[in-house]
Amino acid sequence: QVTIFFKKDDKNIVLAHLGPGDILGEYTFSTISLCSASAITQTEVQLRCLESSAADGWQDSYPGLYEKLIDFCLKSGKVDEILRNKKLEKRRYVRHAATGKVRAAMLTKDGEKSELVFNGGLSDISQSGTCFSIHCSKKATARSLLAQQMSLLITGEQDQKAMTLSLVGKVVRVSFHLYNDFSVHTQFAQVQTEDVVRKFWV
């Protein structure tokens, strides 16, 4: 038996107990993210592990297999569904659909902008974070963004007036879509006021 729990307000909240035949970590095949839940064994457990990197060459060698695996995981997996049903999202601030462009530069350990830069479209924004879409030819590069600090320049236009917002964010989730498209979810280093982000709302 495996117990899935979620840490909230310094307390461990039990979400579910998994048993024989259940899937754990299914979201890693469609999403690159920091773990939203933890697991601990209550009894002796036998596991079969498949790393997401194993699927990197499937598109050429086994066309369609990756999509079938994703479909199976979405239908059979439990953890993401449990988190949604129990409404235990960590977000304190509501994200709103947004429009604009994002220029994201990865920062070095010294806080300097590196040469790795992504240009994408703004998807949504809140006072504490944002999500934007990018196109990346290598999944390994997208995977390397997780937990990285990025300099974000968000631009847009409202009533024919240019809008800009410059800040630093940490990548907490990277969602994979077809055709090398990804959604990058970031958490701002500092919470913004509602007036600052409202101008980008749709």
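Colleague: In this predicted model, which residue of strand 4 stands opposite Val2?

Modeller: Val2 stands opposite Thr41 in strand 4.

Colleague: What makes strand 1 (residues 2–8) and strand 4 a pair?

Modeller: Two strands pair if at least two bridges are found between them. Strand 1 and strand 4 are joined by 4 bridges and run antiparallel, so the criterion of at least two bridges is met.

Colleague: Why is one side of strand 2 (11–18) and of strand 4 (38–41) left without a neighbour in the sheet?

Modeller: The open sheet has 3 strands in the order 2-1-4, with antiparallel pairing. Strand 2 and strand 4 stand at its edges and each has a single partner strand, so one side of each has no neighbour in the sheet. On average, neighbouring strands of this sheet are turned by 35 degrees against each other, direction ignored.

Colleague: What lines the second largest pocket, and what volume does this pocket have?

Modeller: The second largest pocket holds about 780 Å³ of space. Of its 26 lining residues, Asp22, Ile23, Leu24, Leu47 and Arg48 are the closest to the centre. Helix 2 (residues 65–76) supplies the largest share of the lining, 3 residues. By class, the lining divides into 13 nonpolar, 8 polar and 5 charged residues.

Colleague: Which residues touch the most other members of the largest nonpolar core?

Modeller: Among the 26 residues of that core, these are Ile125, Ile134, Leu145, Met150, Leu152 and Phe200. Elements that give two or more residues to this core include strand 7 (113–125), strand 9 (149–158) and strand 10 (161–176). Strand 10 gives the most, with 5 residues.

How values were computed. Residues are numbered from 1 along each chain as its sequence is written. This is a predicted model: local features need pLDDT of at least 70, side-chain atom pairs count only at pLDDT 80 or more; totals for chains, interfaces and linings use all residues. Side-chain values use heavy atoms; hydrogens and water are left out. On a 1 Å grid over the protein atoms alone, a cavity is a set of points where a 1.4 Å probe fits but cannot get out, and a pocket is an open set with protein on both sides within 12 Å along at least five of seven lines; lining residues have an atom within 4 Å of a point. Grid points are joined across faces, edges and corners, and a volume is the space filled by probe spheres set on the points. Ala, Val, Leu, Ile, Met, Phe, Trp, Tyr, Cys and Pro count as nonpolar, Asp, Glu, Lys and Arg as charged, and the others, Gly among them, as polar. Axes are lines fitted to C-alpha atoms, for helices over the stretch in contact, and angles run from 0 to 180 degrees between N-to-C directions. A nonpolar core is a set of buried Ala, Val, Leu, Ile, Met, Phe, Trp, Tyr and Cys residues joined through side-chain atoms within 4.5 Å. Buried means under 20% relative accessible area, exposed over 50%, partly exposed in between (1.4 Å probe, protein chains only).
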